[in-house]
Amino acid sequence: MSPARISTVVLDAHDAHELADFYVRLLGYVVRADEPDWVLIGPPPGEQGVSLAFETERAYVPPVWPTRNPGDQQMMLHLDIEVDDLEGETARAVSEGARLHEYQPQEDVRVLLDPSGHPFCLWAQAMP
C-alpha cells in the first residue's frame, strides 16, 4: 500500500452546513464531525468511499465553468459521481437543490451545480 492516499476532499462554501446537508442527501453519507464553520461527511459505517469536508468561507466566490472571461473565478476541481440511472438521479439531485448547468458537453454525463455553485458531474457507465 502506498504511504499516502486521499482521504477527504474539502470544498469551501458560503455555508458549510447547508452544503454538507445537500451532499448527505445526495450521497447517503453521514456526518462524522460538525463544528461551527466546518463539517465532515462520509460513507455510512461499513461502506467505502472518499469523505467530503465543507468549510465556511465568508469571501467565497462560486466558480465559473466553462471559463469565459479572464479574471473569472475558475473551477479548481469537480466531483464525478457514478450513478446507475442518469436521468433519475439527475432529477433527484435537482429536487435536492442542485441546478442543471446550461452547458452539457457529453450525452452520458450531466453537469450540475450544487447549492454553492460548485460544478459536479453525474455519469453512468454505458450499457453494452
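Where is Gly-49 found? Gly-49 sits in the loop between β3 and β4. The legends below come back to this loop after a view of the whole chain. The model is predicted.

**Figure 1. The whole protein chain has two helices and eight strands.**
Follow the chain along its sequence and the pattern reads β-α-β-β-β-β-α-β-β-β. The radius of gyration is 15 Å, close to the 14 Å that the globule rule gives for 128 residues, so the chain is as compact as a globular protein of that length. Along its principal axes, the C-alpha trace spans about 40 × 35 × 35 Å. Of the 128 residues, 34% count as buried. Take the contacts between residues at least 6 apart in sequence: 48% of them join residues at least 24 apart.

**Figure 2. The surface and charges of the protein chain.**
The accessible surface comes to about 8000 Å². Carbon and sulfur atoms account for 52% of that surface. The chain carries 8 positive and 22 negative side chains. How far apart do the centres of the two sets lie? They lie 1 Å apart.

**Figure 3. Gly-46 lies in the loop between β3 (38-42) and β4 (51-56).**
Is Gly-46 buried or exposed? Gly-46 is exposed, because its relative accessible area of 85% is over the 50% cut-off. Now look from Gly-46 to Ala-13. The two residues are 33 apart along the chain. Their C-alpha atoms are separated by 28 Å.

**Figure 4. Gly-49 shares the setting of a loop between β3 and β4.**
Gly-49 has 47% relative accessibility, so it counts as partly exposed. Which residues does Gly-49 contact, leaving aside its neighbours within four places in sequence? They are Tyr-29 and Pro-43. Thr-8 is 41 residues from Gly-49 in sequence. In space, the C-alpha atoms of Gly-49 and Thr-8 are 9.4 Å apart.

**Figure 5. Ser-51 lies in strand β4.**
With a relative accessible area of 7%, Ser-51 is buried. The cut-off explains the label: buried means under 20%. Leave aside the neighbours within four places in sequence, and Ser-51 still has several contacts. Among them are Ser-7, Thr-8 and Val-9. Arg-32 is another contact of Ser-51. The list also includes Leu-40, Ile-41, Gly-42 and Pro-43. Pro-43 is in contact with Gly-49 too.

**Figure 6. A cis peptide bond joins Trp-65 and Pro-66.**
What is the omega angle of this bond? Omega is about -15°. Pro-66 lies in the loop between β4 and β5 (79-82). Both Trp-65 and Pro-66 are touched by His-101, the subject of Figure 8.

**Figure 7. Thr-67 lies in the loop between β4 and β5.**
Pro-66 is in this loop as well. Thr-67 is partly exposed, with a relative accessible area of 41%. Leaving aside neighbours within four places in sequence, Thr-67 is in contact with Asp-72 and Gln-74. Leu-26 is 41 residues from Thr-67 in sequence. The C-alpha atoms of Thr-67 and Leu-26 are 26 Å apart in space.

**Figure 8. His-101 is found in the loop between β6 (99-100) and β7 (109-113).**
Is His-101 buried or exposed? At 8% relative accessibility, His-101 counts as buried. Its side chain takes part in two contacts shown here. A polar atom of the His-101 side chain lies 2.7 Å from the backbone oxygen of Trp-65. The side chain of His-101 also reaches the backbone nitrogen of Tyr-103, at 2.9 Å. Set aside residues up to four places away in sequence, and His-101 touches Trp-65, Pro-66, Val-111, Leu-112 and Leu-113. Trp-65 and Pro-66 are the pair joined by the cis peptide bond.

**Figure 9. Cys-121 has its place in strand β8 (residues 119-123).**
Cys-121 counts as buried, at 12% relative accessibility. Which residues does Cys-121 touch, not counting those up to four places away in sequence? One group is His-78, Leu-79, Asp-80 and Ile-81. Another is Val-109, Arg-110 and Val-111. Val-111 is also touched by His-101. Pro-62 is 59 residues from Cys-121 in sequence. The C-alpha atoms of Cys-121 and Pro-62 are 16 Å apart in space.

Key
Residues are numbered from 1 along each chain as its sequence is written. This is a predicted model: local features need pLDDT of at least 70, side-chain atom pairs count only at pLDDT 80 or more; totals for chains, interfaces and linings use all residues. Side-chain values use heavy atoms; hydrogens and water are left out. Helices (H or I, at least four residues) and strands (E, at least two) are DSSP runs, numbered from the N terminus. The radius of gyration is taken over C-alpha atoms; the globule rule is 2.2 Å times the number of residues to the power 0.38. Buried means under 20% relative accessible area, exposed over 50%, partly exposed in between (1.4 Å probe, protein chains only). Contact means heavy atoms within 4.5 Å. Accessible areas come from the Shrake-Rupley method with a 1.4 Å probe; for residues, only the protein chains shown count as cover. Lys and Arg count as positive and Asp and Glu as negative; His and the chain ends are not counted. The place of a charge is taken as NZ of Lys, CZ of Arg, CG of Asp or CD of Glu. A polar contact is a pair of N or O atoms within 3.5 Å; within protein, one must be able to donate a hydrogen and the other to accept it, and residues adjacent in sequence count only if both atoms are side-chain atoms.
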